[in-house]
Amino acid sequence: ELQQLQQLQQLQQLQQLQIYSKDYRKIEIKSNSVVYCDIPYKQKENKKEDYYGIFFNKKQFWEWAKTRDFPVYFSSSFLDEDEFECVWQKEKQCLMNNKNSKGKKTIIEKLFWNGIGKRINIDLFYKK
């Protein structure tokens, strides 16, 4: 019952949910917030404009996430940093094909956390 009460309290906090579609560095975030960032997935290292015409500096983002005083969660199918905890993962079919691939490709979607604050129960938000 205590666990259910805690889960209910976490869901009630979502009533204060704010969604932004901006550069993460330009959003003023209160220190008692929980942040989820939907960052671009793996990019080709040699391209300057790689994600819908925009270059995303993942190393700069990781440094930002590590230095926050609030929990930061972000999803990725890869991570070449070992400073974040994988808190959830699921195998899924990638429906987008590129010129060199045929058919569907299986990827492992992962959710990472910067380890700051109390970890939320991710299972509340994902169907098993």
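The following legends describe close-up views of a predicted model.

**Figure 1. Overall arrangement of helices and strands in the chain.** The chain holds 2 helices and 4 strands, which succeed one another along the sequence in the pattern α-β-α-β-β-β. Of its 128 residues, 27% count as buried. Among contacts between residues at least 6 apart in sequence, 61% join residues at least 24 apart.

**Figure 2. The open sheet and its strand order.** The 4 strands form an open sheet in the order S1-S2-S4-S3, with mixed pairing. Strand S1 (35-37) and S3 are the edge strands, each pairing on one side only. From one strand to the next, the twist averages 15°. Helix H2 packs on this sheet and touches S1 and S2; the direction of H2 makes about 150° with that of S2.

**Figure 3. Pairing of S2 with its two neighbours.** Strands S1 and S2 pair in the parallel sense over 3 bridges. Within this pairing, cysteine 37 stands opposite phenylalanine 74 in S2, and tyrosine 36 has tyrosine 73 of S2 as its bridge partner. With strand S4 (residues 105-113), S2 pairs in the antiparallel sense over 4 bridges. Phenylalanine 74 stands opposite phenylalanine 112 in S4. Phenylalanine 74 thus appears in both pairings, facing cysteine 37 and phenylalanine 112.

**Figure 4. Burial of strand S2.** Strand S2 is largely enclosed by the rest of the structure, because 5 of its 5 residues are buried. Both faces of the strand are covered. Val72, Phe74 and Ser76 lie on one side, with Tyr73 and Ser75 on the other, and all of these residues are buried.

**Figure 5. The surroundings of serine 75.** Serine 75 is located in strand S2. Its relative accessibility is 3%, so serine 75 counts as buried. The side chain of serine 75 makes a polar contact with that of tyrosine 36, at 2.7 Å. Leaving aside residues up to four places away in sequence, serine 75 touches Tyr36, Cys37, Asp38, Ile39, Tyr41, Glu109, Lys110 and Leu111. Tyrosine 36 is therefore both a touching residue and the partner in the side-chain polar contact, while the bridge partner of tyrosine 36 in S2 is tyrosine 73.

**Figure 6. Cysteine 37 and cysteine 86.** Cysteine 37 counts as buried because its relative accessibility is 11%. Cysteine 86, at 31% relative accessibility, counts as partly exposed. A disulfide is a covalent bond between the sulfur atoms of two cysteines. With a cut-off of 2.5 Å between cysteine sulfur atoms, the count comes to 0 disulfides. Cysteine 37 is also among the residues touched by serine 75.

**Figure 7. The salt bridge between aspartate 23 and arginine 25.** Side chains of opposite charge can pair when their charged atoms come close. A search of the whole structure finds 4 salt bridges, and one of them joins the side chains of aspartate 23 and arginine 25, with an N to O distance of 2.6 Å. Aspartate 23 has a relative accessible area of 25% and is therefore partly exposed. Arginine 25 also counts as partly exposed, at 46% relative accessibility.

**Figure 8. A salt-bridge network centred on the view of lysine 66.** Glutamate 63 forms a salt bridge with lysine 66, and their closest N and O atoms are 3.6 Å apart. These two residues both lie in helix H2 (residues 58-66), where they are 3 residues apart, about one turn of the helix. Glutamate 63 counts as partly exposed at 43% relative accessibility, and lysine 66 counts as partly exposed at 25%. Lysine 66 also forms a salt bridge with glutamate 83, with the closest N and O atoms 3.1 Å apart. Since lysine 66 lies in helix H2 and glutamate 83 in the loop between strand S2 (72-76) and strand S3 (85-94), the pair ties together parts that are 17 residues apart in sequence. Glutamate 83 is partly exposed, at 46% relative accessibility. Through salt bridges that share partners, Glu63, Lys66 and Glu83 are joined into one network.

Note on methods: Residues are numbered from 1 along each chain as its sequence is written. This is a predicted model: local features need pLDDT of at least 70, side-chain atom pairs count only at pLDDT 80 or more; totals for chains, interfaces and linings use all residues. Side-chain values use heavy atoms; hydrogens and water are left out. Buried means under 20% relative accessible area, exposed over 50%, partly exposed in between (1.4 Å probe, protein chains only). A polar contact is a pair of N or O atoms within 3.5 Å; within protein, one must be able to donate a hydrogen and the other to accept it, and residues adjacent in sequence count only if both atoms are side-chain atoms. Contact means heavy atoms within 4.5 Å. Two strands pair if DSSP finds at least two bridges between them. Axes are lines fitted to C-alpha atoms, for helices over the stretch in contact, and angles run from 0 to 180 degrees between N-to-C directions.
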